[in-house]
Amino acid sequence: MLFCPAVPMEYAHEEYLGRPSCPKCGKLCILPEATAHDGEHVIEHVWLCDSCGNEFRTAVRVASFPNPSAHTSRKDSEMAKKAKRASRRVWTSQDVRELKRHSRAKSPVAVIAKLLKRTAGAIRQKALHLDLPIGHRR
Ligand SMILES: [Zn+2]
């Protein structure tokens, strides 16, 4: 069976049920003879012109969903945020003892942060909370 050179580009923008004209005689076709899915987002229609008997195909993209990769990346960043929150470490009493020791020793915040494997900001926050003087500059 010979098909007309495909028409897809011309009709690709049309709706699922968009009606093409016969590429041979120009008559408007009403109903496709057959419909087939080509991949996930392309629907292919086979048309039979009832005026000249010409058979031809159109392909319609039905991918009208939001960009799936954009959706994925948004989800990923949300997951990253969650992971970051979850990774916040609880202060153990040993950590607090260590912090108090450094407070007395006037260790620089950067040094304490490194020793306790926390950020300088976390050290300052905790010291503020415990009402501890912290760092070598006070
Ligand atoms: Zn025709």
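This passage describes the fold of a predicted model of a protein chain, from its overall make-up to single residues.

The confidence of the prediction is considered before the fold itself. The mean pLDDT of the protein chain is 76, and 67% of its residues reach a value of 70 or more. Over residues 1-15, however, pLDDT stays under 50, and for this stretch the model has 23 contacts beyond four places in sequence. Where pLDDT is low, the predicted coordinates should not be read in detail. The contacts of residues 1-15 are therefore to be taken with caution, since pLDDT is under 50 there.

The protein chain contains 5 helices and 3 strands, and, when these elements are read along the sequence, they follow the pattern α-β-β-β-α-α-α-α. Of the 138 residues of the chain, 12% count as buried. Among the contacts in the chain with a separation of 6 or more, 45% are accounted for by residues 24 or more positions apart.

The strands form an open sheet of 3 strands in the order S1-S2-S3, with antiparallel pairing. Strands S1 and S3 stand at the edges of this sheet, and because each has a single partner strand, one side of each is left without a neighbour in the sheet. From one strand to the next, the twist averages 25°.

The pairing of S1 (residues 34-38) with S2 (residues 42-48) is antiparallel and runs over 5 bridges. Several residue pairs can be followed across these two strands: threonine 35 stands opposite histidine 45 in S2, alanine 36 stands opposite glutamate 44 in S2, and histidine 37 has isoleucine 43 of S2 as its bridge partner. S1 and S2 together form a hairpin with 3 residues between them, and in the turn glycine 39 has a positive phi of about 75°. Strand S1 is hardly covered, as the count of buried residues among its 5 residues is 0.

On the other side of the sheet order, S2 pairs with S3 (residues 55-61), again in the antiparallel sense, over 7 bridges. Glutamate 44, which stands opposite alanine 36, has alanine 59 in S3 as a bridge partner, and tryptophan 47 is bridged to phenylalanine 56 in S3. These two strands also form a hairpin, with 6 residues between them, and glycine 53 in the turn has a positive phi of about 80°. Strand S3 also holds arginine 57, which is buried because 21 other C-beta atoms lie within 10 Å, where 20 or more are required. The C-alpha atoms of arginine 57 and tryptophan 47 are separated by 6.0 Å, although the two residues are 10 residues apart along the chain.

Attention now turns to the helices that come after the sheet. Helix H3 (residues 93-105) has 13 residues, which at 1.5 Å a residue should span 18 Å, and this agrees with the 18 Å that separates its end C-alpha atoms. Leu99, Ile112, Ile123, Ala127 and Ile134 make up the largest nonpolar core, which has 5 residues in all. One of these core residues, isoleucine 134, touches Ser103, Val109, Ile123, Arg124 and Ala127, when residues up to four places away in sequence are not counted.

Two residues in this part of the chain have an unusual backbone angle. Most residues other than glycine have a negative phi. Lysine 106, by contrast, has a positive phi of about 55° although it is not a glycine. Lysine 106 follows H3 and lies in the loop between H3 and helix H4 (109-116). With 12 C-beta neighbours inside 10 Å, lysine 106 counts as exposed, because the limit for an exposed residue is 12 or fewer. Aspartate 131 is likewise a residue other than glycine with a positive phi, in this case near 60°, and its place is in the segment after helix H5 (120-129). Because aspartate 131 has 6 C-beta neighbours inside 10 Å, this residue also counts as exposed.

Conventions
Residues are numbered from 1 along each chain as its sequence is written. This is a predicted model: local features need pLDDT of at least 70, side-chain atom pairs count only at pLDDT 80 or more; totals for chains, interfaces and linings use all residues. Helices (H or I, at least four residues) and strands (E, at least two) are DSSP runs, numbered from the N terminus. Two strands pair if DSSP finds at least two bridges between them. The expected span of a helix is 1.5 Å times one less than its number of residues. Two residues are in contact if their C-beta atoms, placed from the backbone, lie within 7 Å. A nonpolar core is a set of buried Ala, Val, Leu, Ile, Met, Phe, Trp, Tyr and Cys residues joined through C-beta atoms within 7 Å. Axes are lines fitted to C-alpha atoms, for helices over the stretch in contact, and angles run from 0 to 180 degrees between N-to-C directions. pLDDT is the predictor's confidence in each residue, from 0 to 100.
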